[in-house]
2 protein chains.
Amino acid sequence: MNLNVEKILIIGVGMIGASIALASKSKGIKVAGFDNNPEFLNNAVKKQIIDQSIDSLDEINSKNYIKDVDLIIIAVPPKQTLEVLNSLKELWNTDITITDTSSVKNHIQLKDVSNIILSHPIAGSDQSGLSAADANLFQGKKNVLCNPFDSSKEHFDKVDNFWKNALQMRTSLMTVSEHDLVFAMTSHLPHLISYALIDSIRLSNNDVGDNAGGGLKEFLRLSGSNPEMWSDIFTLNRVDLIKALAGMQVSLNNLLELISETKQIPDIFSHLEFLKNELDEIKSFKEDKF
Amino acid sequence: MNLNVEKILIIGVGMIGASIALASKSKGIKVAGFDNNPEFLNNAVKKQIIDQSIDSLDEINSKNYIKDVDLIIIAVPPKQTLEVLNSLKELWNTDITITDTSSVKNHIQLKDVSNIILSHPIAGSDQSGLSAADANLFQGKKNVLCNPFDSSKEHFDKVDNFWKNALQMRTSLMTVSEHDLVFAMTSHLPHLISYALIDSIRLSNNDVGDNAGGGLKEFLRLSGSNPEMWSDIFTLNRVDLIKALAGMQVSLNNLLELISETKQIPDIFSHLEFLKNELDEIKSFKEDKF
């Protein structure tokens, strides 16, 4: 089995898939693509984001059209990810390695498969579609791999090497349950709260528009993201999301007690100062890596 | 009364005060400064951020030292803002105009004064101190003015012109209660939630550090801000803050019902898509203005 990836197939040529395609092509990797929206697919060929288009999942599953493909990357929203994986059964347990890009993993339950490695390349954007494709989107960013099906080391290494060498990402390995809880806290909950905040501002009928500096701005990118992807993430990861929310409510209630001075130890200033210092620890990662 | 501001006095030479000083000097305005931390004050002179230092609030209040000052700008945290205003009683109802920079206004209650206009220059930063001073911090940003003491048009115009011409800001006028509610929603609540999120991540003991992309990043700047300022804001604006939080909880509960599918109309996808569109309306302001 060849660990060097010479040709990949990207299923879903939205912003994520197209960005992976551009980065791969810049490293001399050939890129085939499929999208269930024929317009997206044609545009991807026209704009030379992919080298070759494949017309259907059936054609992919028939093996004939992808003999020279080393790695398939599924770059569609989380629910569709599982559907696509299930529709490619002829490719299970072959030399072709399959991976994905889904932000939630617990729903991806498959049996008797040994060539599927799960990936979560972490790069946020409120942009979507081909026009937002960016060859450098993932450069230097983190990619969390999960191997819930105990796929063989060769398949794992192929995916790991691809992200590191072709996309220049940092990789790490987590279990699915670690992954989904950590990202519930660091990503899914912040997005949920952003949507709630936008909704409450809408409902309040206050003249907020031109006075949105100083805090709201940071939330804007989050609720501008792809609604299909986020409805999938919220629904599929609701158990961990609610766990993360419950934790945040405890902290919020503690802050409210300090603010309303029904509790005074520590005082609110010391508590905020403590949290500011705590931030420096969380910031031990380099901010520019995200 | 001369509407042209030729010399200003800045009380508090932290990041905000020093940034105002630098922008003013670049327009040929002379800048005197006071800070109750002598080290800050000396550094501000040494670094030529201010032209002249004044040693105490008493000296300012004695009038002798500030005969040629047209405008006093108080750039200290919200609680201290009121204390400073009360300590300058000899300057009330004189030709010298006094304004502030506090992010919350309802606690600034004064009687029989006609030369004080309240200002809220909106520019966020998680930096503080002289080294973060930036002559362009406020350029093109918004400044909300309040005139709760019915100060005369001359004083209002002097402050309004100063922000527009010297600092190149856009200004608007709100009542104190409008101001405090709108900023509870758009700024104070997002900051409160950021602190709660950081706290809950700290308490969870999960390995979050290097996996903080994709959402958390947007919150980081917020909880990194000056703890003294934010403990003042939360405490002084707690009524409106809790009002804003209650509104957000309603929206959050609605989202949770959709996610857990105990309520299905609208479905979660349609609701998120609706909120994404709603965002575009809120974004009617130019993002780069903040």
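This passage describes the domains of chain A, a sheet in chain B and the nonpolar core of a predicted model.

Chain A is a good place to start. An automatic or database assignment divides the chain into domain 1, spanning 7-174, and domain 2, spanning 178-289. Between the C-alpha centres of these two domains of chain A the distance is 30 Å. Their contact draws 17 residues from domain 1 of chain A and 16 residues from domain 2 of chain A. On the domain 1 side, the elements that supply two or more residues are α4 (78-87) and β7 (142-146) of chain A. Of these, β7(A) gives the most, with three residues. In character, the domain 1 side of this contact in chain A is mixed: six of its residues are nonpolar, six are polar and five are charged.

Strand β7(A) deserves a second look, for its surroundings within chain A can be followed strand by strand. Four of the five residues of β7(A) are buried, leaving the strand mostly covered. With strand β6 of chain A (residues 118-121), β7(A) pairs in the antiparallel sense, over four bridges. Within that pairing, Leu118(A) has Cys146(A) of β7(A) as its bridge partner. With strand β8 of chain A (residues 170-173), β7(A) pairs in the parallel sense, also over four bridges. Here Leu145(A) is matched with Leu173(A) in β8(A).

Turning to chain B, five strands form an open sheet with parallel pairing, in the order β3-β2-β1-β4-β5. The edges of this sheet are β3 (52-53) and β5 (97-100) of chain B, each of which pairs on one side only. Further in, strand β1 of chain B (residues 7-11) and strand β2 of chain B (residues 30-34) are joined in the parallel sense by five bridges. A handy landmark for the eye is Ile11(B), which stands opposite Phe34(B) in β2(B). Helix α5 of chain B (residues 153-166) lies across β4 (71-74) and β5 of chain B, and runs at about 55° to β5(B).

The nonpolar core comes last. The largest one holds 69 residues, and Leu189(A) and Leu189(B) are those with the most contacts inside it. Leaving aside residues up to four places away in sequence, Leu189(A) touches Ala184(A), Leu241(A), Ala244(A), Leu245(A) and Met248(A) of chain A, together with Leu197(B) of chain B.

Technical notes. Residues are numbered from 1 along each chain as its sequence is written. Chains are lettered from A and ligands numbered from 1 in the order in which they are written. This is a predicted model: local features need pLDDT of at least 70, side-chain atom pairs count only at pLDDT 80 or more; totals for chains, interfaces and linings use all residues. A nonpolar core is a set of buried Ala, Val, Leu, Ile, Met, Phe, Trp, Tyr and Cys residues joined through C-beta atoms within 7 Å. A residue is buried if 20 or more other C-beta atoms lie within 10 Å of its own, exposed if 12 or fewer, and partly exposed in between; C-beta atoms are placed from the backbone. Two residues are in contact if their C-beta atoms, placed from the backbone, lie within 7 Å. Ala, Val, Leu, Ile, Met, Phe, Trp, Tyr, Cys and Pro count as nonpolar, Asp, Glu, Lys and Arg as charged, and the others, Gly among them, as polar. Two strands pair if DSSP finds at least two bridges between them. Axes are lines fitted to C-alpha atoms, for helices over the stretch in contact, and angles run from 0 to 180 degrees between N-to-C directions.
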